[in-house]
Every structure is written in structure tokens, then in C-alpha cells.
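Student: I would like to learn how to read a new structure. Where do we start?

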Amino acid sequence: MKFTQVFIPTLKEAPKDAETVSHKLLFRAGLIRKLSSGIYSYLPLGLRSIQKISAIIRQGMSRWGAQEVLMPLVIQKELWEESGRWQAYGKELLRFQDRHEKWFTIGPTHEEVIVDIVRNEAKSYRQLPLNLYQIAPKFRDEIRPRFGLMRGREFIMKDGYSFDMDEEHANKTYGQMYDAYSWIFRQCGLNFRAVEADTGTIGGKFSHEFMVLANTGEEAIVSCDACGYAANVEKAEIGYRQSAADGGGTSKPQKVPTPGRYSVEDVSAFLHVAPKGIIKTMIVKAGNEFVAALVRGDRELNLLKLKSVLGADDIGLASDAECPGLTGAHVGSIGPVGLKLKIIADTELRYIRDAVTGANEDDFHYTGVTPGSDFVPAMFADIRNAVRGDACPRCSKPMGITRGIEVGHIFKLGTKYSVRMHAEFLAEDGKSRPFVMGCYGIGVGRTLAAAIEQNNDNDGIIFPLTISPYEVALVAINMKDSVIADAAGAIYDTMLDRGLDVIYDDRDISPGMKLKDADLIGFPIRVVIGSRFKKEDLMEIKIRKTGEVVTSTRQDLFEKLSAIRRGLLL
């Protein structure tokens, strides 16, 4: 394709509302444009990258036995009521009525639809396993769309669903999808990590997120280099061990005034005690029950871990207005001594001695508090966020924290949807059983944005070869020079004949603008035909990723391009 034939509206400056690197560069390079909050149009270059990512996904799915379908975007209310998600999903579910006053939703995910298809068509174990997927638009009415394609309201997603006869076969399918996703993201040229994750609103028993590693990533990844354990910060387990600093301490609780000191920082400074010597008490509502959750003063409570420990369907912090009736004090003065609520203490507190806690009286705290002696938790459990240096739960080595961007998520759903929606098959023993399901998603647009977050410099995007809009940019420096223009045109035709994925910059503009656009858009390979061609029959080949420049004659051009391309694919 010629540059003069393609709609590529590059910009010198990004829109003011563009926050992330990828959001800015997607706009500046002319790949997307905003229609409304969280809703974007893909322009020709952006669509080509989306199509290349989609093609890689299709190759991976086919290689591991999944079949492509296409399901309706609009879904009737009745299906979502069967699964129990019509109300449970919340305001992100866009609901509307048609002219017959029947309720529908624009699908944010398609578990209900795929279950309806399979329950009506797959009646026997002989038809299993089934692994079906689609690549299609989705809509979630995000309360705060941001970061361009990273968190939009309308987005392109690959969502897949597997149906097996039992847990053993479902685990096998899950493993195959883990391998398929690993292959897909490697083919996309991404540096990623698969991490254990929470299942979120989709539900299910177990899941992995596939995270593209990037300093600008919005999620923290806890990982161990020694054994390979990795999880997102919401899911990361922590290996505990008692240290010398935790031991000792035989003081009795003493109530001391702490006027106007309610935060850990203020109490720490006022009483001259380190935050790690403070027990932070939070009142949490889990379903219809209020409980007290305790963590060290320098730690953060993880509500998802606590939710799992309690087996609650929903969980949240109690309001400041609710706390006095439950504890006798407002937030900031609450503590476990004498508290009449069930207490769940973080495992780390098993080793703390002579700690500071709220006294359940406004403006007062206790010193000298020791768990087990001065209060007895209902249980100790891992209920806090992991931090850098925590012990690995597998090998006890110190763990690190990196940043990542979620691009894929796979779930073991079990029978959650099949039981609720009465999706059953006839097993080999003649009995009806519910399908055991898995769910597998990839954010296609999000993968494009994550690739840019991971691959960029001050000049623009540095596209991985496999997902670049075009692999090669052929640049004629001076289109008014007939020798250069004619040679560039002939080389372009030969490139097309040889099947190269090339865009030919045939614009009659300054050389500087052409080269800047090539770097901004991030074409992996750039071939420049300029003055050296006229004098020495030499062209310059620049590798965008490394900045390396290689000279070539016309005779050697395609051999060198082939070698460079192979190198970029390694």
C-alpha cells in the first residue's frame, strides 16, 4: 500500500485527556480516534494491527482445538435472569427495552449465550469436549473509562468457553488453554507473565491472568524469581516466618490518650512507635455479618482474600456511621481488646508483641497489646496485600513486585453456569450431569495498547514485527527526483511480488517528516532510498527496535531484509 492511499492522520501533540503512553501514541500515530467517553474508532493502521492480533489468536485457538463462532451482541434479559446475573452484575450491564418493551442487554460477556447454545445441541458425552470462542465487540458501562483502549466501555474481545464431562477433563482443557495463551502472547512479541488471579465477577474456582510487563502497568504482580511463583497482588499468597524482631514482649495493656490521632501515621508519631508495631482494626460487612479484620499498621487489608476466608458473596468496609454502634468508637480508635465481634487477624499478627491498638473509645489507644493474651482471634489467616520482600509461599525466598497490564484471563468455572441454567448431558453411565466449564478471554484492543506500553521510546511506537500495521516502511527521500522515485517504485513493486508486508511512503513532503512519521508509527523495518542510492547504489535499512542501520545494494536487499526479519522473530 502507498502512503498517499492510506488514511493516516498523524499528530504532533496528543489530546489533553490522553494519560498513558499508549493512549497518546495511538492518537498521534493515527491508529484510533475517540467518538465518546470510552468508545473509539479504529483507523486503517489500528485495524490492521487488530486484525493481525486476531489472526494470531485464531491460529492459537485452532492449534489447540477450539472452534470459532459468532454470537449476538444483544442478549435477552431472560438468559441473564437464569444465571442470576441480571441484577448481580451491577450498573456495568447496559440494559434497554426494544419497541415491544422487552428487556435486553448489550453483552459484556457471553457465558449465558454459549450455555444456551450447548445445552440445546450437545446431549451426550460423545459430543465432548467442546471448546468454542468468538472475537467480537463487547460493552461494559464503566463508571470511569480511562487510558484509551486499556479501559474502554466498548472493546474487542476474544471470549472462549469450554465444556467437559468432568473435572479431570476440564483441567486438561484448562492446561491446553494456558499453553495456547502462552503461545499467542509469544507470537505477539510480548514480554508477559502468567499469574494466579482472583476470578472476579465471572466467578469460578481458579484463574490465571496473562500480564504484559510494563513499568506503566496498572496492576502489581508479585513474583518469585527462585521458583517461578507469580500472582497478582489481590491473589498473592504470603509465606510467613517469625523473625527476631517479632519476638519478646510481656507488657500489659495500658489505655493512653491520643487526642485527634486517628491515622496510623499520626498515632505512630504521637506514641513514638513504628507503624509495624501498631495493629490496624477495620470493621467489615461480609454479607449480613460484621467482623473485625486486623492487619499490621504498615500493611493493607485485602478484601478479596478476606472474602474468600469468610466464604462471603459480597464484602465491604463498614461506614464510619456504623462503627460506633458496633464498637463504641469511630474509625481510627477501634481495636480488638474487649471487642464483641468476630475477629480475623492476619497471620503476621501471630508474632507481634506489645502492640498499639485502638481502645474502642474515641481519642484513646492501648499500648502493650499481645494477640492470644489480650484478645483471641477467631482465626489467623492471610488477609493482607503482599509487599516486596515477603516470603514466597512455595519456597520461602523473598518475592519482588513488578507492574503489568492484564491482556488475557482464563478461568475454571466448574458447574456454576451449567447448574443454574440446567445445562446437562447424558454421561456414559446413562445419568444426566452438568457440564464442567472453563472461560478464556483476551482483550484484543488491550493487547495492542499493552504492546505499545511495553515497546516505545521518545520517538514513538516500536512495534513487534508480528502485530505492526506494516512490517516494512519503504521511504523515498525525494519524490521530485525521478531516479529515486522510479527506483523506489520498482523496488516497491518487487516487494509486493515477493509478498512483503510493505507501505511505500510516496508523499511529496520533507524527508524529516517522512522519517519522523515512520518512527512515530513504529514500523519495525525502514528502507530509505536517497542520495546514496544515486551515488553508490546503496540503500539504508534501519531496525526500529535497536536503531541499527544496515546498508544494502539493490541486489542484496531482499536477502538482508529476510535475515533482519528472522532476527526480529527470534
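Tutor: We start with the nonpolar core. A nonpolar core is a set of buried Ala, Val, Leu, Ile, Met, Phe, Trp, Tyr and Cys residues joined through side-chain atoms within 4.5 Å. Keep in mind that this is a predicted model.

Student: How many residues does the largest nonpolar core have?

Tutor: The largest nonpolar core has 58 residues. Met 61, Tyr 181, Ile 184 and Phe 185 have the most contacts inside it.

Student: Which helix gives the most to this core?

Tutor: Helix H6, residues 167–187, gives the most, with seven residues. Domains matter here too. At least three core residues come from each of domain 1 (51–71 + 108–237 + 402–452) and domain 3 (470–569).

Student: What does Tyr 181 touch?

Tutor: Set aside residues up to four places away in sequence. Tyr 181 then touches Met 61, Lys 158, Phe 210, Gly 408, His 409, Ile 410, Tyr 440, Gly 441 and Ile 442. There is also a second, separate core, of 28 residues. Met 71, Tyr 125, Phe 411 and Tyr 417 are among its members.

Student: Now the cysteines. How many disulfides does the structure hold?

Tutor: Zero. To call a disulfide, look for a pair of cysteine sulfur atoms within 2.5 Å.

Student: Why does Cys 227 have no bond to the closest cysteine sulfur?

Tutor: That sulfur belongs to Cys 392 and lies 3.5 Å from the sulfur of Cys 227, so the two are too far apart for a bond.

Student: Which cysteine is buried, and which is partly exposed: Cys 227 or Cys 323?

Tutor: Read the relative accessible area. Under 20% is buried, over 50% is exposed, and in between is partly exposed. Cys 227 has 39% relative accessibility, so it counts as partly exposed. Cys 323 has a relative accessible area of 1%, so it is buried.

Student: Let us try a loop. Where does Thr 109 lie?

Tutor: Thr 109 sits in the loop between strand E6 (103–106) and helix H5 (111–121). Its relative accessible area is 1%, so Thr 109 is buried. The side chain of Thr 109 makes a polar contact of 2.6 Å with the side chain of Glu 111.

Student: And Thr 258: buried or exposed?

Tutor: Buried, at 0% relative accessibility. Thr 258 lies in the loop between strand E13 (254–257) and helix H7 (264–271).

Student: What is Thr 258 in contact with?

Tutor: Leave aside neighbours within four places in sequence. Thr 258 is then in contact with Phe 270, Leu 271, Asp 363, Phe 364 and His 365. With His 365, the side chains are joined by a polar contact of 2.8 Å.

Notes
Residues are numbered from 1 along each chain as its sequence is written. This is a predicted model: local features need pLDDT of at least 70, side-chain atom pairs count only at pLDDT 80 or more; totals for chains, interfaces and linings use all residues. Side-chain values use heavy atoms; hydrogens and water are left out. Buried means under 20% relative accessible area, exposed over 50%, partly exposed in between (1.4 Å probe, protein chains only). Helices (H or I, at least four residues) and strands (E, at least two) are DSSP runs, numbered from the N terminus. Domain bounds come from an automatic or database domain assignment. Contact means heavy atoms within 4.5 Å. A polar contact is a pair of N or O atoms within 3.5 Å; within protein, one must be able to donate a hydrogen and the other to accept it, and residues adjacent in sequence count only if both atoms are side-chain atoms.
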